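Morning, everyone. I will go through one cavity, one helix and some ring contacts; please look at the structure first.

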Amino acid sequence: MFTGFPEETIRFFLELSFHNDAAFFESHRQDYENYVRKPFYDFIDAMAPTVRQVADDMDMRPAKCLARIRRDTRFTKDKTPYRDHMWLLFRRGGEERSTSAMYWFELSPREVEWGLGFWDNNRPAMDALRRHMREKPDEVMRVLADARVPDTGLDVYGQRYGRMGTPPELPQQLKELYPLRELYIKRTGVPLKVAYTSQITELFAADLLRLAPVYRLLRKAADEGMGAEP
């Protein structure tokens, strides 16, 4: 039963950030197993019933949800081999991150955050979403209203195209979303100490269900972006 992340989870992340090398990790591998992987797996299991209320095709296998502690440094300037934080994804089984709409959760020594959106710049899905804004603006506005987005501590983020024209007839809220290169909704302002208690599952579960209408809208856009039947 998940009762919160142990304080040792954050302690491990802090130590790893100062000793980010294979020698340190291998000598503390059991700490990783005890204080990172196991509590995250327990957290995923605890969230599974709520996630399945949103969509029953989500892959809830912990090993498929949780990021690897070892980073892929092939295409980045940052060559530190291990993450000093951890994140997980809830997405449709068998689907690539680049084409999926997904929930995410992240824990670091600095903060605990979660949200919903597309991974990076999913242009086909965003183009499909823009089409929905043009053709059914009232429907998109209703989805955002049902999810109560934006709100204090729960807002929409994403980089914008600098020169993308915005249809003048759109409602102002959609004018702000229309030129986004990516779109994600993020919960901020949760005290880190909450992650040490079972309350973290209650707060995350509440947002999973609250954002379900947005998930279904993004899921439809992602499917259309991949050429699937709407």
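How do the residues of the lining of the largest cavity divide into nonpolar, polar and charged? They come to 11 nonpolar, no polar and no charged, where Ala, Val, Leu, Ile, Met, Phe, Trp, Tyr, Cys and Pro count as nonpolar, Asp, Glu, Lys and Arg as charged, and the others, Gly among them, as polar.

This is a predicted model, so local features need pLDDT of at least 70 and side-chain atom pairs pLDDT 80 or more, while totals for chains, interfaces and linings use all residues. Residues are numbered from 1 along each chain as its sequence is written, and side-chain values use heavy atoms, without hydrogens and water.

A cavity is a set of points on a 1 Å grid over the protein atoms alone where a 1.4 Å probe fits but cannot get out; lining residues have an atom within 4 Å of a point. The volume of the largest cavity, the space filled by probe spheres set on the points, is about 70 Å³. Helix 9 gives the largest share of its lining, three residues; helices are DSSP runs of H or I, at least four residues, numbered from the N terminus.

Now the rings. Phe and Tyr rings pair if their centres lie within 6.5 Å; planes under 30 degrees apart count as stacked, over 60 as edge-to-face and the rest as tilted. The count is 20 aromatic pairs. Phe 12 and Tyr 32 are tilted, at 6.3 Å and 40 degrees. Both are buried, meaning under 20% relative accessible area with a 1.4 Å probe, protein chains only. Tyr 103 and Tyr 215 are stacked, at 5.6 Å and 20 degrees.

Notes:
1 Å grid on protein atoms, 1.4 Å probe; cavity = no way out; pocket = protein on both sides within 12 Å on 5 of 7 lines; lining within 4 Å. Helix = DSSP H or I, 4+ residues; strand = E, 2+ residues; numbered from the N terminus. Phe/Tyr/Trp six-rings, centres within 6.5 Å; stacked < 30°, edge-to-face > 60°. Buried < 20%, exposed > 50% of the residue type's maximum accessible area, 1.4 Å probe, protein only.
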